[in-house]
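Here is a friendly walk through one protein model, with an eye on its strands and on the empty spaces among its atoms. Keep the 3D view open and follow along.

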Amino acid sequence: MKNLILGLILISTTLISCQQGAESTADQTELAAYSEAHRPQFHFSPKEKWMNDPNGMFYYDGEYHLFYQHYPDSSVWGPMHWGHAVSKDLTHWENLPIALYPDSLGYIFSGSAAVDWNNTSGFGKSGQPPLVAMYTYHDVVKEKAGNNSYQTQGIAWSLDRGRTWTKYDKNPVLPNPGGVRDIRDPKIIWHEVSKQWVVVLAVGDHIEFWGAPDLKKWTKLSEFGKQIGAHGGVWECPDLFPLVVEQTNETKWVLIVNINPGGPNNGSAAQYFVGDFDGKNFKLDAGLAQDVPLGKGVWVDWGKDNYAGVTWSDLPKEDGRRIFIGWMSNWEYANIVPTTIWRNAATLPRTLALAKREEGYRLISQPVKELQTLRGESFQLSKTEISEQLDLTDQLGFSPTLSEMELEFVLPEGSTGSFGVELSNAKGESYRIGYNAAARQFFSDRTHSGNLSFSEKFAPKASIAPRFSKEKTLRMHLFFDVASAELFADGGATVMTEIFFPGENFNQVKLFADGGKAELAGGKVYQLKSIWK
Ligand code: FRU
């Protein structure tokens, strides 16, 4: 009897301690969220599991919506859902429940969403405009059965500020034309002049424009791109929007076409075309046409980690910005980067502008101004000559792990050296980003940045990007966030985004000058705050 009682006591204390154990693991997971090694602190990433492309972004009733390709059961790619987050300031994100689940028509691949202000779809109620999403269905059952018509387009709507979505019962609204393997990533825009919805679709090696009065009855308008631009891979995730050109005040249309592989530093990347769009045809600007012959692209971002980027729709007129966000990874290694709880993040949101240059119209990207609210302590750099290196670690008084830098260099006549910023840690790992004057190229060098073992394609060499500006003053605006660097050079004329995985955080920083002195005209370094704490 005594033994039995003792046994019962033992069993119950074990049970209690197991429960406590379970609770404390849950607490720890809660605590660890957004604090894990390599976790970005001011970029959006899902609390857990897999993410790829940003999807369906629109602004409505004070909120920026961000959906994204998400697999909630694993941190590698799988059956696609639309994850969901909202922000009031493009900086702090609130995670919301999954918006769209796969159904009998297939996985929910990438797409877009917009406010149907005129209720053309008829989904609205009592004067409330519906929010309508259009996405690609990817039917794996058909695919496995060898039926090539496995991608179709469907729609869904919401009447509760995007919190819940109802799929249209007559989906797909745009069936597969017949045996077309790649036809996806619909971007819907309301074209005011022709009073219709236009959808831009990526179809293998070209873009197709389709039109509908109501988001349901689609007819084909035109095609673009078979014989122009970069074609090193399949075309995906397009976007189309007008921008007013800074110097001339004319309106031009920008067509973004993501491509995988075939990027400027290999793998996935976003190219763009500038021209006119009349509601039917996209006509490439003659200046740019010479720039992007078959096989050559101009790029939104020259780094390896900005893919599938598209822009928000329905920003208030008084705001007037065109804001872009990308997926901060590359299909060359996205599934195997060394994180486990979650995998992959979005880039910083960027404001896009168009400039007219000698070489044609050029896209200019700048980090959104809202990011300035994350600035904490700062450090002013005065005019100085850098020979070999200028260590800033002790002077700063804060770690460069989460930081923003605005640096201005002067390029002396005939300068040939390299200069820039180096982050490093006590393990001897380092990351460099800067400018090579002889080559007239920016570079991002993660070849010594820590864990590279997961993929040979991650860092075979430094990535490079051309300098377009001819100014003597060279400006580098940089953001470092634990495991990523974003460079907006020359006011956003050249952009590079790259990720890295050091064995411990980079907490040392220096400016370097190789092969000659560099002239720093001045600068400022800011510590940035985490958005998750
Ligand atoms: C781009 C992409 C899209 C597709 C989605 C699937 O990264 O391949 O073309 O819709 O990802 O997750």
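Let us begin inside: the second largest cavity has a volume of about 100 Å³. This is a predicted model, so the values here are computed from predicted coordinates. Lining this cavity are 15 residues, and those nearest its centre are Gly111, Ser112, Lys187, Pro238 and Val310. By class, its lining splits into 7 nonpolar, 6 polar and 2 charged residues.

Which strands each supply at least two residues of the lining of the second largest cavity? They are strand 1, strand 5 (107–115), strand 9 (184–191), strand 13 (234–244) and strand 17 (307–311). Strand 1 provides the largest share of that lining, with 4 residues.

**Other spaces in the model**

In total, the structure holds 5 cavities of 30 Å³ or more. The largest cavity takes up about 130 Å³. It has 14 lining residues, and the closest to its centre are Pro40, Asn344, Ala345, Ile499 and Phe501. Its lining consists of 8 nonpolar, 4 polar and 2 charged residues. Both domain 1 (48–367) and domain 2 (376–528) contribute to the lining of the largest cavity, with at least three residues from each.

There are open pockets to look at as well. The largest pocket holds about 1,100 Å³ of space. Of its 34 lining residues, Pro242, Asp314, Leu315, Lys317 and Arg322 are the closest to its centre. Two or more lining residues come from each of strand 1, strand 5, strand 9, strand 13, strand 14 (251–260) and strand 20 (350–357). Strand 13 gives the most to the lining of the largest pocket, with 5 residues.

The second largest pocket encloses about 200 Å³. Its lining residues include Asn52, Asp53, Gln69, Arg184, Asp185, Glu236 and Trp331. Strand 1, strand 5, strand 9 and strand 13 each give two or more residues to the lining of this pocket.

The table sets out the two pockets by volume and by the classes of their lining residues.

| Pocket | Volume | Nonpolar | Polar | Charged |
|---|---|---|---|---|
| Largest pocket | about 1,100 Å³ | 21 residues | 6 residues | 7 residues |
| Second largest pocket | about 200 Å³ | 4 residues | 4 residues | 4 residues |

**Arginine 184, a residue to zoom in on**

One of the residues lining the second largest pocket is Arg184, and arginine 184 belongs to strand 9. Is arginine 184 buried or exposed? Its relative accessibility is 8%, so arginine 184 counts as buried, the cut-off for buried being under 20%.

What does the side chain of arginine 184 contact? One polar contact, at 2.6 Å, runs to the side chain of glutamate 236. Another, at 3.3 Å, joins the side chain of arginine 184 to that of glutamine 151. Glu236 is also among the residues that line the second largest pocket.

**The sheet that holds strand 1**

Strand 1 has come up several times, and its sheet deserves a closer look. Here 5 strands form an open sheet in the order 4-3-2-1-19, with mixed pairing. Strand 4 (94–100) and strand 19 (342–343) are the edge strands, each pairing on one side only.

Strands of a sheet pair through backbone hydrogen bonds, either parallel or antiparallel. Strand 1 (residues 49–60) and strand 2 are antiparallel, with 7 bridges between them. In this pairing, tyrosine 60 is opposite glutamate 63 of strand 2. The hairpin of strand 1 and strand 2 has 2 residues between the strands, and aspartate 61 there takes a positive phi near 50°.

On to strand 3 (residues 81–87), which pairs with strand 2 in the antiparallel sense over 7 bridges. Serine 87 in strand 3 is the bridge partner of tyrosine 64. Strand 1 and strand 19, in turn, pair in the parallel sense over 2 bridges, and tryptophan 50 stands opposite arginine 343 in strand 19.

Finally, consider strand 2 (residues 63–71), where 9 of its 9 residues are buried. In a regular strand the side chains alternate between the two faces of the sheet. Glu63, His65, Phe67, Gln69 and Tyr71 point one way from strand 2, while Tyr64, Leu66, Tyr68 and His70 point the other way. The residues on both sides are all buried, and Gln69 is one of those lining the second largest pocket.

Terms used: Residues are numbered from 1 along each chain as its sequence is written. This is a predicted model: local features need pLDDT of at least 70, side-chain atom pairs count only at pLDDT 80 or more; totals for chains, interfaces and linings use all residues. Side-chain values use heavy atoms; hydrogens and water are left out. Buried means under 20% relative accessible area, exposed over 50%, partly exposed in between (1.4 Å probe, protein chains only). Two strands pair if DSSP finds at least two bridges between them. On a 1 Å grid over the protein atoms alone, a cavity is a set of points where a 1.4 Å probe fits but cannot get out, and a pocket is an open set with protein on both sides within 12 Å along at least five of seven lines; lining residues have an atom within 4 Å of a point. Grid points are joined across faces, edges and corners, and a volume is the space filled by probe spheres set on the points. Ala, Val, Leu, Ile, Met, Phe, Trp, Tyr, Cys and Pro count as nonpolar, Asp, Glu, Lys and Arg as charged, and the others, Gly among them, as polar. Domain bounds come from an automatic or database domain assignment. A polar contact is a pair of N or O atoms within 3.5 Å; within protein, one must be able to donate a hydrogen and the other to accept it, and residues adjacent in sequence count only if both atoms are side-chain atoms.
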